[in-house]
Amino acid sequence: MPRPVIIDCDPGIDDCVALMVALASRNELGVEAICTVAGNVNVATCTRNVLGLLALLGRVDVPVYSGCERPMSVNPVFADHIHGENGLGSVCFPAAQTSAATEDAVDYLIRRLADSGQPPATLVIVGPSTNLATALQKAPDITAGIEQIVLMGGARREGGNITPSAEFNIYADPHAAQTVFHGGRPLTVIGLDATLQLRCSPDRMAALRAIGNAASKAAADMMEHVNAIYGEIYGTAGAAMHDPCTIAWLLAPDLFHARPVRIEVETASALTRGHTAVDYHHTDDRPANANWVDGLESDKVFALLLERIARL
Ligand code: BDR
Ligand code: CA
């Protein structure tokens with residue numbers, strides 16, 4: 001039986017690739033719903049992008065719930081300098097064939113996770129954690145409906161990508177991340193320490209494009225947009241495939257290296273807002289609250305992504 005999965009995202013280029021890989025993995029992952037949240041671009045644009053992607057993939061059976069328009073406490077920040085004004089680089093998806101649900105993402109999460117008649121769901125969070133944190137604040141008992149959370153965010157060794165000490169998803173809503181990290185359910189966090197090991201090098205881009213289906217063409221066109229920006233900003237050859245790491249982790253955890261740790265999120269300091277304090281050395285008696293992924297087998301993970309996209 002495929003495990004029930006809800007994906008909470010802010011597409012966003014690498015979010016779209018994560019969605020493609022998840023939707024291509026029907027034997028393992030039953031994608032029940034896709035929620036959107038303000039992050040890389042505003043939430044209306046994120047929702048439009050998911051609906052367009054589902055039209056491209058012919059998967060209009062998957063319901064889409066539009067979520068929080070702004071973070072819990074801080075002012076919104078966006079990443080359109082990386083993902084482009086439409087969140088997809090220069091790429092245009094087909095027109096949506098369906099609409100988002102009238103119920104919003106927070107109400108959906110509360111209703112779904114509180115439903116004891118359904119199996120607990122795996123939540124994949126690849127944008128700011130605002131939707132789930134808001135749901136947990138309104139209805140703390142819904143944790144019983146969460147099997148596990150797999151979240152892309154944070155950094156230890158790599159510092160940050162939106163400030164010197166913070167990764168974008170955590171910086172964008174640090175209070176939400178702190179709430180989710182203290183939610184008390186099994187949590188795997190895949191931060192920049194791991195995702196920056198999964199680069200879109202020229203040979204990998206060629207292999208992606210060579211698949212030759214509509215999904216691979218869209219993914220390659222979008223990643224080329226980010227590759228150009230990474231080249232300009234960071235001087236590196238090949239952007240990182242951050243968000244697809246969460247799906248690859250669910251499909252093949254043996255390809256990753258992880259350790260149990262205590263993580264706290266900085267919510268007060270302006271200088272280090274969104275910093276993830278990842279305690280490798282058990283500096284106090286508090287128990288671990290996360291499984292922290294700090295490495296991956298890059299060639300094998302990328303090959304897995306290609307193999308799944310080829311199924312679309
Ligand atoms: C994360 O930030 C976003 O721009 C990406 O989609 C990814 O989720 C990487 O820091
Ligand atoms: Ca994202």
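Here is a walk through this predicted model, from the whole chain down to single residues.

Let's start with the big picture. The protein chain holds twelve helices and nine strands. Its radius of gyration comes out at 18 Å, close to the 20 Å that the globule rule gives for 312 residues, so the chain is as compact as a globular protein of that length. If you lay the C-alpha trace along its principal axes, it spans about 50 × 45 × 35 Å. Buried residues account for 59% of the 312 residues. As for what faces outward, the chain exposes about 12,100 Å², with carbon and sulfur atoms supplying 52% of that. Take the contacts between residues at least 6 apart in sequence: 81% of them join residues at least 24 apart.

Now zoom in on the metal. Which residues hold the calcium ion (ligand 2)? The donors are side-chain OD atoms of Asp10, Asp15 (listed twice) and Asp243, plus the backbone O of Val126, at 2.3 to 2.6 Å. Along the chain, these donors follow the spacing D-x4-D-x110-V-x116-D. Asp10 sits in the loop between β1 (3-9) and α1 (13-23), while Asp243 sits in the loop between α10 (214-234) and α11 (244-251), so this pair ties together parts that are 233 residues apart in sequence. Both aspartates are tucked away: Asp10 has 0% relative accessibility and counts as buried, and Asp243, at 3%, counts as buried too.

Stay in the loop that carries Asp10 for a moment. Glycine 12 is also in the loop between β1 and α1, and the peptide bond joining proline 11 to glycine 12 is cis, with omega about -5°.

Asparagine 169 is worth a look next, since its contacts lead straight back to the calcium donors. This residue is part of helix α6 (residues 168-172) and, at 4% relative accessibility, counts as buried. Leaving aside residues up to four places away in sequence, Asn169 touches Asp10, Val126, Gly127, Pro128, Met152 and Asp243. Its side chain reaches the backbone oxygen of valine 126 at 3.4 Å. There's also phenylalanine 78, which is 91 residues from asparagine 169 along the chain; the C-alpha atoms of the two are separated by 9.9 Å.

Histidine 242 comes from the loop between α10 and α11. With 10% relative accessibility, it counts as buried. Its side chain makes a polar contact of 2.8 Å with the side chain of threonine 195. Beyond residues up to four places away in sequence, the residues His242 touches include Asp14, Met152, Asn161 and Tyr230.

On to two helices that are mostly hidden. Helix α2 (residues 43-57) has 15 residues, which at 1.5 Å a residue should span 21 Å; its end C-alpha atoms are 21 Å apart, so the two agree. Twelve of those 15 residues are buried, among them Val43, Cys46, Asn49 and Leu57. The cover over them includes β1, α1, β2 (29-36), β3 (64-66) and α10. At the N-terminal end, asparagine 42 acts as a cap, with a side-chain oxygen 3.2 Å from the backbone nitrogen of alanine 44. Just after α2 comes glycine 58, with a positive phi of about 65°.

Helix α4 (residues 105-114) is largely enclosed by the rest of the structure, because seven of its ten residues are buried. Those seven are Ala105, Val106, Tyr108, Leu109, Ile110, Arg112 and Leu113. What covers them includes β1, β2 and β3, along with β4 (121-125), α5 (130-138) and β5 (146-152). This helix has an N-terminal cap as well: aspartate 104 places a side-chain oxygen 3.1 Å from the backbone nitrogen of valine 106.

One last stop, this time out in the open. Is histidine 282 buried or exposed? At 53% relative accessibility, His282 counts as exposed. You'll find it in the loop between β8 (276-279) and β9 (290-296). Its backbone is worth checking too: phi is positive, about 45°, although the residue is not a glycine.

Conventions:
Residues are numbered from 1 along each chain as its sequence is written. Chains are lettered from A and ligands numbered from 1 in the order in which they are written. This is a predicted model: local features need pLDDT of at least 70, side-chain atom pairs count only at pLDDT 80 or more; totals for chains, interfaces and linings use all residues. Side-chain values use heavy atoms; hydrogens and water are left out. Donors are N, O and S atoms within 2.8 Å of the metal (3.2 Å for Na, K and Ca); water is not among the atoms, so sites may look incomplete. Helices (H or I, at least four residues) and strands (E, at least two) are DSSP runs, numbered from the N terminus. Buried means under 20% relative accessible area, exposed over 50%, partly exposed in between (1.4 Å probe, protein chains only). The expected span of a helix is 1.5 Å times one less than its number of residues. Contact means heavy atoms within 4.5 Å. A polar contact is a pair of N or O atoms within 3.5 Å; within protein, one must be able to donate a hydrogen and the other to accept it, and residues adjacent in sequence count only if both atoms are side-chain atoms. The radius of gyration is taken over C-alpha atoms; the globule rule is 2.2 Å times the number of residues to the power 0.38. Accessible areas come from the Shrake-Rupley method with a 1.4 Å probe; for residues, only the protein chains shown count as cover.
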